[in-house]
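Hi,

Here is the structure I said I'd pass along. Have a look at it first, and my notes follow underneath.

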Amino acid sequence: MRAWTRFEEAHRLWRRLNRPRREWFGIEATPTEQTVTYTAPDGEVHRWTM
């Protein structure tokens with residue numbers, strides 16, 4: 001998948017989530033994996049592995 005396509009998908013999701021502020025995201029890093037998480041107000045957790 002082209003990088004720009006992934007950015008566009010991420011932007012659409014961000015808009016669907018009502019444009020959450022960057023402060024509401026978390027970063028988890030281990031020796032084997034880096035993950036970005038966002039917990040929506042309804043409790044749904046979104047997780048992206050880098």
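R47 counts as partly exposed, at 47% relative accessibility. Bear in mind as you read that this is a predicted model. R47 is found in strand β3, and leaving out residues up to four places away in sequence, it touches E28, T35, V36 and T37. With T37 the C-alpha to C-alpha distance is 4.5 Å, although the two residues are 10 apart in sequence.

The contact with E28 is a charged one: the side chains of E28 and R47 meet in a salt bridge, at 3.4 Å from N to O. That pair links distant parts of the chain, with E28 in strand β1 and R47 in strand β3, 19 residues apart. The two side chains also turn up as a polar contact, again at 3.4 Å. How exposed is E28? It counts as partly exposed, because its relative accessibility is 39% and that class runs between 20% and 50%.

How many salt bridges are there in total? The count comes to two. Besides E28 and R47, the side chains of E23 and R21 meet in one, at 3.1 Å from N to O. E23 is partly exposed, with a relative accessible area of 49%.

Now the sheet that R47 belongs to. Three strands form an open sheet in the order β1-β2-β3, and the pairing is antiparallel. β1 and β3 stand at the edges with a single partner strand each, so one side of each has no neighbour in the sheet. From one strand to the next, the twist averages 20°.

Going through the pairs:

- β1 (residues 25-29) and β2 (residues 34-39) pair in the antiparallel sense over five bridges. They form a hairpin with four residues between them.
- β2 and β3 also run antiparallel, and five bridges join them. Their hairpin has five residues between the strands, and in it G43 takes a positive phi near 95°.

V36 is a handy residue for getting your bearings. I27 has V36 as its bridge partner in β2, while over in β3 it is W48 that V36 stands opposite.

T35, one of the residues R47 touches, deserves a look too. Its place is in strand β2. Is it buried or exposed? T35 is buried, because its relative accessible area is 4% and the cut-off for buried is under 20%. Leaving aside neighbours within four places in sequence, T35 is in contact with G26, I27, E28, R47, W48 and T49. The T35 side chain also makes a polar contact with the side chain of E33, at 3.5 Å.

On to the aromatics. A search of the whole structure finds three aromatic pairs. One of them is W4 with F7, an edge-to-face pair at 6.0 Å centre to centre and 70° between the planes. W4 and F7 are three residues apart in helix α1 (residues 3-16), which means about one helical turn separates them. Both W4 and F7 are exposed.

Another pair is F25 with W48, which is tilted: 6.2 Å centre to centre, with 40° between the planes. F25 lies in strand β1 and W48 in strand β3 (residues 45-49), so this pair ties together parts that are 23 residues apart in sequence. F25 is partly exposed, with a relative accessible area of 28%, and W48 is partly exposed with a relative accessible area of 28%. F25, Y38 and W48 form one aromatic cluster.

If you want a quick route through the model, I'd start with two pairs. E28 and R47 link β1 with β3 through their side chains, and F25 and W48 tie together β1 and β3 as an aromatic pair. After those, T35 in strand β2 is a good stop, since its contacts include I27, R47 and W48.

Cheers

Technical notes: Residues are numbered from 1 along each chain as its sequence is written. This is a predicted model: local features need pLDDT of at least 70, side-chain atom pairs count only at pLDDT 80 or more; totals for chains, interfaces and linings use all residues. Side-chain values use heavy atoms; hydrogens and water are left out. Two strands pair if DSSP finds at least two bridges between them. Buried means under 20% relative accessible area, exposed over 50%, partly exposed in between (1.4 Å probe, protein chains only). A polar contact is a pair of N or O atoms within 3.5 Å; within protein, one must be able to donate a hydrogen and the other to accept it, and residues adjacent in sequence count only if both atoms are side-chain atoms. Contact means heavy atoms within 4.5 Å. Rings of Phe, Tyr and Trp (its six-membered ring) pair if their centres lie within 6.5 Å; planes under 30 degrees apart count as stacked, over 60 as edge-to-face and the rest as tilted. A salt bridge is a side-chain nitrogen of Lys or Arg within 4 Å of a carboxyl oxygen of Asp or Glu. Axes are lines fitted to C-alpha atoms, for helices over the stretch in contact, and angles run from 0 to 180 degrees between N-to-C directions.
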